[in-house]
Number of protein chains: 2
Amino acid sequence: MKVLSQNTAFGGMQGVFQHQSEACNSEMTFAVFVPPQAIAEKRPVLWYLSGLTCTHQNVMDKGEYRRMAAELGLIIVCPDTSPRGDDVADEMTNWQMGKGAGFYLDATQKPWSDHYRMYSYVTEELPALIAENFRVDMDRQGIFGHSMGGHGAMTIALKTPERFKSCSAFAPIVAPSTADWSAPAFEKYLGSDRALWRAYDACALVEDGARFPEFLIDQGKADSFLDNGLRPWLFEEAVKDTDIGLTLRLHERYDHSYYFISTFMDDHLRWHAERLS
Amino acid sequence: MKVLSQNTAFGGMQGVFQHQSEACNSEMTFAVFVPPQAIAEKRPVLWYLSGLTCTHQNVMDKGEYRRMAAELGLIIVCPDTSPRGDDVADEMTNWQMGKGAGFYLDATQKPWSDHYRMYSYVTEELPALIAENFRVDMDRQGIFGHSMGGHGAMTIALKTPERFKSCSAFAPIVAPSTADWSAPAFEKYLGSDRALWRAYDACALVEDGARFPEFLIDQGKADSFLDNGLRPWLFEEAVKDTDIGLTLRLHERYDHSYYFISTFMDDHLRWHAERLS
């Protein structure tokens, strides 16, 4: 693991690290914020998964999570959104496919399957690396994310509920296998058998019996992707007759940007801290 | 005035605007955060001046000022750091001169004097535009900034104390006319007569009799520019036998970055709000 940068912030440390990923067969970069409390003791770890076109850096620059994470004593890990490098397949002019658009799944179709194994990366390889290198209490993990990363957080929580005590999302893609803007990527990554796409779709997972105690979702009503890509009402519908708790908050005037995310970041960090302590 | 973007954040609005500047003879971009309180009433305005290489955008992305500004009801205006455009003189390979390095002065030397009139821009033209277009209480203005922008804030407060009720700085260049990294720019902008440089140097201004009630300065001790460029102890020395108040705080482990700025942003906003209300 190589240290790319380390900066003191809010009494803690914001670091950026790089390592050779076996899962993705590529060099991967990720960010970790270590709160001051983690000098003395193991602290809970909260995973933040980013949206389409992002890297680890967008939320690090614009997410405004450090002040509250330092106050609550949360370690925040922010992975990249896809494998990177010259030998990694891509669709240069398509922001919904390839680099920056890994959709937190393990691709099965060539050429994507050579590198696009973000599900394994985020659920197995990176947690092992984090556990080895930081003062984290791996029995207290939460996960959240934005847009494609909200999809990632919710599907990962539903698929591995034993690992997480909390999950939340900003403007998540709750049903990517049926959304115009993500279904084409699912076909390229996973093949034409739509039944296989359900393993990476929060609504389908719930329909197929997956469970997680409760979710917090914030969604801006001025989000231009609301009707075609995000559709949180589908998740509301999916959990209706289950024991899954859902706090869905719709906000007038807020869009899809980090201005929206940063506004509600404190609420999400508190949501997780309550369930991780 | 052209609207480049407007996003809802923390109940208020973060906007980016462009206009043709007469002072700089160039198109200029600036950011304004309007807190929710400014819908109902005129609010105090706080000017943030950015450092070398920055535009209006760095602090907008990384400064983390919106949450507290919304709480305190402060309008935050963030100008660019120099004129821009293809016809504006520049030294492309020198980050301490030309574009991104206007030093908040009015250049007198060709070719710089054609556009580099940031002092007039920030003290006259932009305030008039802001007063005309936003619900600002121009009787309640504060000013702060980072590095070169800390220099800008302190010199402008000292030169126009009647305009401001408060001034603070993050890692300011307190004596740019004698610092290795800024003196060459001063010579190009202002000519070889060093006596004329004193009008844009906080320490020299105080020595020459300029006064402002009090300053707050935060400075990281791990800041790599501390000894050659910033030297806050020179300002401490300059105000020693005056009635100017100085709160100078040195912080272990903090560097020159926005990780440092964002950490102490809340403190600065509170400092200003106390003096503006």
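**Before the views.** Two strands count as paired if DSSP, the program that assigns them, finds at least two bridges between them. Helices (H or I, at least four residues) and strands (E, at least two) are DSSP runs, numbered from the N terminus. You're looking at a predicted model, where local features need pLDDT of at least 70 and side-chain atom pairs count only at pLDDT 80 or more, while totals for chains, interfaces and linings use all residues. Residues are numbered from 1 along each chain as its sequence is written, and chains are lettered from A and ligands numbered from 1 in the order in which they are written.

**View 1. Nine strands of chain A make an open sheet.** Follow the order E1-E2-E3-E5-E4-E6-E7-E8-E9, and you'll meet mixed pairing along the way. Strand E1 (2–9) and strand E9 (245–251) of chain A sit at the edges, each pairing on one side only.

**View 2. Strand E4 of chain A pairs with E5(A) and with E6(A).** Seven bridges tie E4(A) to E6(A), and the two run parallel. Look for Arg43(A), which stands opposite Val136(A) in E6(A). With strand E5 (residues 75–79) of chain A, the pairing of E4(A) is also parallel, over three bridges; here Val45(A) stands opposite Ile75(A). Seven of the seven residues of E4(A) are buried (20 or more other C-beta atoms, placed from the backbone, within 10 Å of a residue's own; exposed is 12 or fewer, partly exposed in between), so the rest of the structure largely encloses this strand.

**View 3. Strands E6 and E7 of chain A pair in the parallel sense.** Five bridges join strand E6 (residues 136–146) of chain A to strand E7 (residues 166–170) of chain A. To get your bearings, find Gly142(A), with Ser166(A) of E7(A) opposite.

**View 4. Helix H5 of chain A has buried residues along one face.** Within helix H5 (residues 183–190) of chain A, the buried residues are Ala185(A), Phe186(A), Tyr189(A) and Leu190(A). Peer down the axis of H5(A): these residues fall within an arc of 105° (taken from the directions from the helix axis to the C-beta atoms), so they line one face. Just after H5(A) comes Gly191(A), with a positive phi near 90°.

**View 5. Two arginines of chain A have positive phi.** Arg231(A) has a phi near 50°, a positive value in a residue other than glycine. Its spot is the loop between helix H7 (226–230) and helix H8 (232–239) of chain A, and it counts as buried because it has 20 C-beta neighbours inside 10 Å. Arg253(A), with phi near 75°, lies in the loop between E9 and helix H9 (258–276) of chain A. This arginine has 13 C-beta neighbours inside 10 Å, so Arg253(A) counts as partly exposed.

**View 6. A cis peptide bond joins Lys110(A) and Pro111(A).** Omega is about -5° for this bond. You'll find Pro111(A) in the loop between E5 and helix H3 (118–133) of chain A. In chain B, the bond from Lys110(B) to Pro111(B) is cis too, with omega near 0°.

**View 7. Chain B meets chain A.** Here 15 residues of chain B are in contact (C-beta atoms, placed from the backbone, within 7 Å) with 15 residues of chain A. On the chain B side, strand E1 (2–9), helix H1 (57–62) and helix H9 (258–276) each supply at least two residues. Turn chain B by 180° with 0.0 Å of shift along the axis and it superposes on chain A, RMSD 0.0 Å (least squares on C-alpha atoms of residues with pLDDT of at least 70 in both). That's the relation of a two-fold axis. Both copies use the same surface, as 100% of the contact residues of chain B recur in chain A.

Note on methods
Contact = placed C-beta atoms within 7 Å.
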